[in-house]
Number of protein chains: 2
Amino acid sequence: MENHAKEYNVEEFERPSVTVDVILFTIKENKLKVLLIKRGAWPFEDMWAIPGGFISMDESLEHAAARELTEEAGIENVYLEQLYTFGDPKRDPRTRVITVAYFALVDSAKLKQSEKTDKEVTGSKWFPADTLPNLAFDHEKILKYAVRRLRYKLEYTAVGRELLPTDFTLTELQKVYEIILYKKLDKRNFRKKLASLDILKETNRYKRGHHRPAKLYSFRKNVELKSGFKSVQFEK
Amino acid sequence: MENHAKEYNVEEFERPSVTVDVILFTIKENKLKVLLIKRGAWPFEDMWAIPGGFISMDESLEHAAARELTEEAGIENVYLEQLYTFGDPKRDPRTRVITVAYFALVDSAKLKQSEKTDKEVTGSKWFPADTLPNLAFDHEKILKYAVRRLRYKLEYTAVGRELLPTDFTLTELQKVYEIILYKKLDKRNFRKKLASLDILKETNRYKRGHHRPAKLYSFRKNVELKSGFKSVQFEK
DNA sequence: GCAAAAGTGTTCAATGTACACCCATGC
DNA sequence: GCATGGGTGTACATTGAACACTTTTGC
């Protein structure tokens, strides 16, 4: 059939540009936050955008996403998951740009170091996921999609761990869920569920604060992010 | 920051080729089947592949997917959903090719017409999803991913409707679920669940066969594909 | 009248949800 | 000693799973 002949001459086809964009989430100040970057040039100059960039010809998509995170946020080894590919012909006024969006999760404690070194130098800033500035391109749509996916994932898997240090208290874990799902959870039910899932292990250390010390827990190794916290219906 | 300067000169970047591949599922002969196309040229000449092709510069990704379905399978207006984007640098020996995979569902009755006209002319063939030939490129991986997603979707949404004509019997619907989930379901529980979901409406027509006639049902309009049939755990 | 698919309810188990009090520490 | 967050169990409702017989038709 004719298509095969066409396929052979790969070079005949005009090629779009391909980027990766990475929505990086963290929790700070009891809020879900997203890292955005101020654009310095046309188009959408001075507007905020999701960090991203062009893929190299010899790197995988995931590698490109990880590289962007290092370059633009100075962080490494974070949870990274492909979200969706946005390819509307008019989404970038310069030329045809298809973007493969990823989302990433990082414990805010991990940010502290890099934050001090290149703070504001990069023109990047953390915004609360529920009060965003106007965004460049179709980035608002992408970001909203990412938030939906994050919520969904949180209910059905244990991705919450990616937003916490290795050791944490049960109350801290519950807060992660409450912040992202945007609703209060019942302490006893939450803990009962955790116990039944058998994904945590106690340490024998405690977090001491101003009140009664809280036992520290960590996730079991080899818990393949699964098993959920269904408490809201998301699809509509 | 330096990246913005780079971004401005979009043209400086080498561009990959971008294709869409579409995994088209249907149910025939009580099996889940997938449409594959025999390759006519290097690379992977004479091997079977998922239908797909290059995107045009002025069409959306979804449009490209729909167009491929029309060109390669002669069908239109089917359920189409973006699956995942595969971009390993070595997945195509010719050059860097990133493919945005979609999956599509079609009622086999809808195929009958086009089937007769261009059968075998296109070098395409329906394979049972569980007994595939060796596939070109990374298409086996893509296809397995599609099957997983289809199962998942079937449990949590009402996509099953896309594999049936507008009117169908409850037994036919149950068979769709059994074939895809690859397990027997209990007739009474299945019907009780359907009733509670309130997504079907009775017609006053019956399907007459060799035995007792079965009432025909259709899906309510505006049932946004949701609400599920959880009966197996999929993630692992 | 008999073979074959259509249709229909109840019981039990597991899971989810609501809810209130004592405990250990810092100050 | 008191304010504050840490920690724990029980009763009820909802959902899922197992299970068998009668009905209606074509032949």
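The following exercises, each with a worked solution, concern a predicted model with chains A and B.

Residues are numbered from 1 along each chain as its sequence is written, and chains are lettered from A, with ligands numbered from 1, in the order in which they are written. Because the model is predicted, local features need pLDDT of at least 70 and side-chain atom pairs count only at pLDDT 80 or more, while totals for chains, interfaces and linings use all residues; side-chain values use heavy atoms, with hydrogens and water left out.

**Exercise 1. Describe chain A as a whole.**

Step 1. Chain A contains six helices and 10 strands, where helices (H or I, at least four residues) and strands (E, at least two) are DSSP runs numbered from the N terminus.

Step 2. Of the 236 residues in chain A, 54% are buried; buried means under 20% relative accessible area, exposed over 50%, and partly exposed in between, with a 1.4 Å probe and protein chains only.

Step 3. Among the contacts in chain A with a separation of 6 or more, 68% join residues 24 or more positions apart, a contact being heavy atoms within 4.5 Å.

**Exercise 2. Compare the span of helix 4 of chain A with its expected value, and find what covers its buried residues.**

Step 1. Helix 4 (residues 139–156) of chain A has 18 residues, which should span 26 Å at 1.5 Å a residue, and the 26 Å between its end C-alpha atoms agrees with this; the expected span is 1.5 Å times one less than the number of residues.

Step 2. The buried residues of this helix include A:His139, A:Lys153 and A:Glu155, alongside others such as A:Ile142, A:Leu143 and A:Val147.

Step 3. The cover over the buried residues of helix 4 of chain A includes strand 1 (17–28), strand 2 (31–38), strand 3 (48–49), strand 5 (79–86), strand 6 (97–105) and helix 5 of chain A.

**Exercise 3. Characterise helix 5 of chain A and the way it meets helix 6.**

Step 1. Helix 5 (residues 170–181) of chain A has 12 residues and reaches 16 Å from first C-alpha to last, close to the 16 Å expected.

Step 2. This helix is largely enclosed by the rest of the structure, because nine of its 12 residues are buried; among them are A:Gln174, A:Tyr177 and A:Glu178.

Step 3. Directly after helix 5 of chain A comes A:Tyr182, whose phi is positive, near 60°.

Step 4. The axes of helix 5 and helix 6 (residues 187–197) of chain A come within 11 Å and cross at roughly 100°, where axes are lines fitted to C-alpha atoms, for helices over the stretch in contact, and angles run from 0 to 180 degrees between N-to-C directions.

Step 5. The two helices are therefore roughly perpendicular to each other, since angles under 35 degrees count as roughly parallel, over 145 as roughly antiparallel, 65 to 115 as roughly perpendicular and the rest as oblique.

Step 6. A:Leu170, A:Thr171, A:Leu173, A:Gln174 and A:Tyr177 of helix 5 make this contact with A:Lys187, A:Phe190, A:Arg191 and A:Leu194 of helix 6 of chain A.

**Exercise 4. Classify the packing of helix 4 against helix 5 in chain B.**

Step 1. In chain B, the axes of helix 4 (residues 139–156) and helix 5 (residues 170–181) come within 10 Å and cross at roughly 140°.

Step 2. Helix 4 and helix 5 of chain B are therefore oblique to each other.

Step 3. The residues that meet are B:Leu150, B:Arg151, B:Leu154 and B:Glu155 in helix 4 and B:Val176, B:Tyr177, B:Ile180 and B:Leu181 in helix 5 of chain B.

**Exercise 5. Work out the surroundings of B:Thr85 and B:Thr203.**

Step 1. B:Thr85 lies in strand 5 (residues 79–86) of chain B and, at 2% relative accessibility, counts as buried.

Step 2. Its side chain makes a polar contact with the side chain of A:Thr85 at 2.5 Å; a polar contact is a pair of N or O atoms within 3.5 Å, and within protein one must be able to donate a hydrogen and the other to accept it, while residues adjacent in sequence count only if both atoms are side-chain atoms.

Step 3. Not counting residues up to four places away in sequence, B:Thr85 touches residues of both chains, including A:Leu61, A:Gln82, B:Ile98 and B:Thr99.

Step 4. B:Thr203 is in strand 9 of chain B and is buried, with a relative accessible area of 16%.

Step 5. A polar atom of the B:Thr203 side chain lies 3.1 Å from the backbone nitrogen of B:Arg205, and the side chain of B:Thr203 also reaches the backbone oxygen of B:Leu216 at 2.7 Å.
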